[in-house]
Amino acid sequence: MKVEFSGLKALFINCTLKKSAKDSHTEGLMELSMDIMRKENVFVDYLRMVDYQVPPGLVPDMTKEGYDEDDWPNLYKKIKGADILVIGTPIWLGERSSIASRLIERLYGMSAETNAKGQYVYYGKVGGCIITGNEDGIKHCAMGLLYALQHLGFSIPPQADCGWIGEVGPGPSYLDESSGAKNNEFTNRNTTFMTYNLMHLAKLLKNNNGLPRYGNSRDDWDDGTRWNFENPEYR
């Protein structure tokens, strides 16, 4: 049965170390997912974080901490306006890129904000990740990214990650024809399933105005609501 995904907005952030003038193998795999979403009438936005001035820090605008520039406030507006956030990263020394770690840190810096229901600001949004590299590390990087996203309030559907790696050591990467990556059945299947799972969960949340506020609203908690929490010693 055909499912209608129009009205959803997705933001793909590529955490490659390369600026946009250079090819990114991570972008190559991200494009597969973005193409599916576009064909399903999802509005797709894409950016490389390295193209922007985003200093390290945990406050909303790091110019208040002495930095000359901070593009994060404008990037955050894109994230806040999206129903789906997909983080792409290469693997370096078995880990996500330093740019991906910085993105997580800046997301964390906003996580105390609340939405209209008084829930933490990322409630009702869906998160996933796309990983590429030449050595093992896809699941390790995905575990860290997806844990961070769900801890901040993003909802994570089943199989919310995908990736491609070549053989151990120097060798062809995703976009190199000799890699055969674009014809890899496992990667193509997982990327497709991930993409549709992200859209399905985002659609369910959007149709139901996000998660119910019962039991999880910071505003309600601060006002004294405790639902079924009971602890006679708690003050």
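Helices here are DSSP runs (H or I) of at least four residues, numbered from the N terminus. With that in hand, let's take a quick tour of this predicted model. The stops are helix 2, a residue in helix 3, and two loop residues with positive phi.

**Helix 2**
- Helix 2 spans residues 72-81, and W72, L75, Y76 and I79 are buried in it.
- These four sit on the same side of helix 2 because they cover an arc of only 105° around the axis.
- Flip to the other side of helix 2 and you'll find N74 and K77, which are exposed.
- As for packing partners, the buried residues of helix 2 pack against strand 1 (9-14), strand 2 (43-48) and helix 3 (98-109).

**R106 in helix 3**
- R106 is part of helix 3.
- With a relative accessible area of 1%, R106 counts as buried, since the cut-off for that is under 20%.
- The side chain of R106 meets that of D70 in a polar contact of 2.8 Å.
- Leaving aside residues up to four places away in sequence, R106 touches a list of residues including V54, P55, G57, D70 and W72.
- W72 turns up here as a contact of R106, and W72 is also one of the buried residues of helix 2.

**Two loop residues with positive phi**
- Q159 has phi near 45°, a positive value in a residue other than glycine.
- You'll find Q159 in the loop between helix 4 (138-152) and strand 6 (161-165), where Q159 is partly exposed at 28% relative accessible area.
- N209, also not a glycine, has a positive phi near 55°.
- The loop between helix 5 (185-207) and helix 6 (218-222) holds N209, which is exposed at 57% relative accessible area.

Notes:
Residues numbered from 1 in each chain as written. Predicted model: local features only at pLDDT ≥ 70, side-chain atom pairs only at ≥ 80, totals over all residues. Heavy atoms only, no water. Buried < 20%, exposed > 50% of the residue type's maximum accessible area, 1.4 Å probe, protein only. Arc of directions from axis to C-beta. Contact = heavy atoms within 4.5 Å. Polar contact = N/O pair within 3.5 Å; in protein donor to acceptor, adjacent residues only side chain to side chain.
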